[in-house]
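Notebook open, viewer running. I'll jot things down in the order I look them up.

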Amino acid sequence: MAIVVAEPGTVETDPILMALVDGLPDDDYVLPAVSVYGQELGWLVIAPTGIYHLDIRDWPGAVWDRGVEPWLVEDDEGAQHPEPSPTALLGNAREAISSFLADELPDIKPPVYGLL
């Protein structure tokens, strides 16, 4: 079971956080709703193998990555809605995390991964 670094009571109220805590090893740390250098991050997992930024979306229906901004998400009624590319947002988040580590902990150079 992973260790949560969050406000008390958060684990009991968030199903995603509960799944991460229950599914990850004991030596992993889960940080929900983190902001790094102005980038809002959904989830960070600090593990012996690296730092993982998780961008979890709850989009209904079909999703299309057209290779350009924006992505299209089709709802249950068939209407299409534009959404910013999460891959671009993952890249921005990874840059912010890497910059933070270089500035604040220059001797520590863990790999940083973005997962959608």
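Before reading any pairings, a reminder to myself: two strands pair if DSSP finds at least two bridges between them. This is a predicted model, so every entry below is about a prediction.

**Entry 1: the three-strand sheet**

I started with β5 and β6, which pair in the antiparallel sense over two bridges. The rule asks for at least two bridges, so this pair counts. I looked for a matched position and found Val63 opposite Val73 in β6. Going outward, I get an open sheet of three strands, ordered β5-β6-β7, with antiparallel pairing. β5 and β7 (80–83) are at the edges with a single partner strand each, so one side of each has no neighbour in the sheet.

**Entry 2: the five-strand sheet**

Which order do the strands take in the other open sheet I looked up? I read β1-β2-β3-β4-β8, five strands, and the pairing is mixed. The edges here are β1 and β8 (112–115); each has a single partner strand, so one side of each is left without a neighbour in the sheet. Inside the sheet I checked β3 against β4: they pair in the antiparallel sense, over five bridges. I also noted one bridge by residue, with Trp43 partnered by Leu54 in β4.

**Entry 3: a nonpolar patch**

Next I looked at the surface. Ile3, Val5, Tyr29 and Ile46 make a nonpolar patch of about 310 Å². I picked Ile3 to follow up, and it sits in strand β1 (residues 3–4). Its relative accessibility is 37%, so I log Ile3 as partly exposed.

**Entry 4: aromatic pairs**

How many aromatic pairs are there? The count comes to three. I wrote up two of them, starting with Tyr37 and Phe100: ring centres 5.8 Å apart and planes at 75 degrees, so I call this pair edge-to-face. Tyr37 is in the loop between β2 (29–36) and β3 (39–47) and Phe100 is in helix α3 (residues 86–104), so the pair ties together parts that are 63 residues apart in sequence. For accessibility I have Tyr37 at 43%, partly exposed, and Phe100 at 32%, also partly exposed.

The other pair I wrote up is Trp59 with Trp71. Their centres are 6.3 Å apart and their planes stand at 65 degrees; planes over 60 degrees apart count as edge-to-face, so that is what this pair is. It links distant parts of the chain, 12 residues apart: Trp59 is in the loop between β4 (50–54) and β5 (63–64), and Trp71 is in strand β6 (residues 71–74). Is Trp71 buried or exposed? At 9% relative accessibility, Trp71 goes down as buried.

**Entry 5: the salt bridge**

I ran the salt-bridge search and got a count of one. It joins the side chains of Asp55 and Arg57, with N to O at 2.7 Å. I checked the cover on each partner. Asp55 has 12% relative accessibility and counts as buried, while Arg57 has 30% and is partly exposed.

**Entry 6: Asp14**

Asp14 is in the loop between α1 and α2 (15–23). What does its side chain reach? A polar atom of the Asp14 side chain is 3.1 Å from the backbone nitrogen of Leu17. I have Asp14 as partly exposed, at 22% relative accessibility. One distance for the record: C-alpha to C-alpha, Asp14 and Pro32 are 9.9 Å apart in space and 18 residues apart in sequence.

**Entry 7: Ser35**

Back on β2, I looked up Ser35, which is in that strand. Its side chain makes a polar contact of 3.4 Å with the side chain of Glu40. Ser35 has a relative accessible area of 45%, so it is partly exposed. I also took the C-alpha distance from Ser35 to Val45: 14 Å, with their positions 10 residues apart in sequence.

**Entry 8: Ala6**

Last stop, Ala6, in the loop between β1 and α1 (10–13). Ala6 comes out partly exposed at 38% relative accessibility. Its C-alpha is separated by 21 Å from that of Leu105, a residue 99 residues away along the chain.

How values were computed:
Residues are numbered from 1 along each chain as its sequence is written. This is a predicted model: local features need pLDDT of at least 70, side-chain atom pairs count only at pLDDT 80 or more; totals for chains, interfaces and linings use all residues. Side-chain values use heavy atoms; hydrogens and water are left out. Patches are made of residues with over 30% relative accessible area and no salt bridge: like charges are joined within 9 Å, nonpolar side chains (Val, Leu, Ile, Met, Phe, Trp, Tyr) within 5 Å. Accessible areas come from the Shrake-Rupley method with a 1.4 Å probe; for residues, only the protein chains shown count as cover. A salt bridge is a side-chain nitrogen of Lys or Arg within 4 Å of a carboxyl oxygen of Asp or Glu. Helices (H or I, at least four residues) and strands (E, at least two) are DSSP runs, numbered from the N terminus. Buried means under 20% relative accessible area, exposed over 50%, partly exposed in between (1.4 Å probe, protein chains only). Rings of Phe, Tyr and Trp (its six-membered ring) pair if their centres lie within 6.5 Å; planes under 30 degrees apart count as stacked, over 60 as edge-to-face and the rest as tilted. A polar contact is a pair of N or O atoms within 3.5 Å; within protein, one must be able to donate a hydrogen and the other to accept it, and residues adjacent in sequence count only if both atoms are side-chain atoms.
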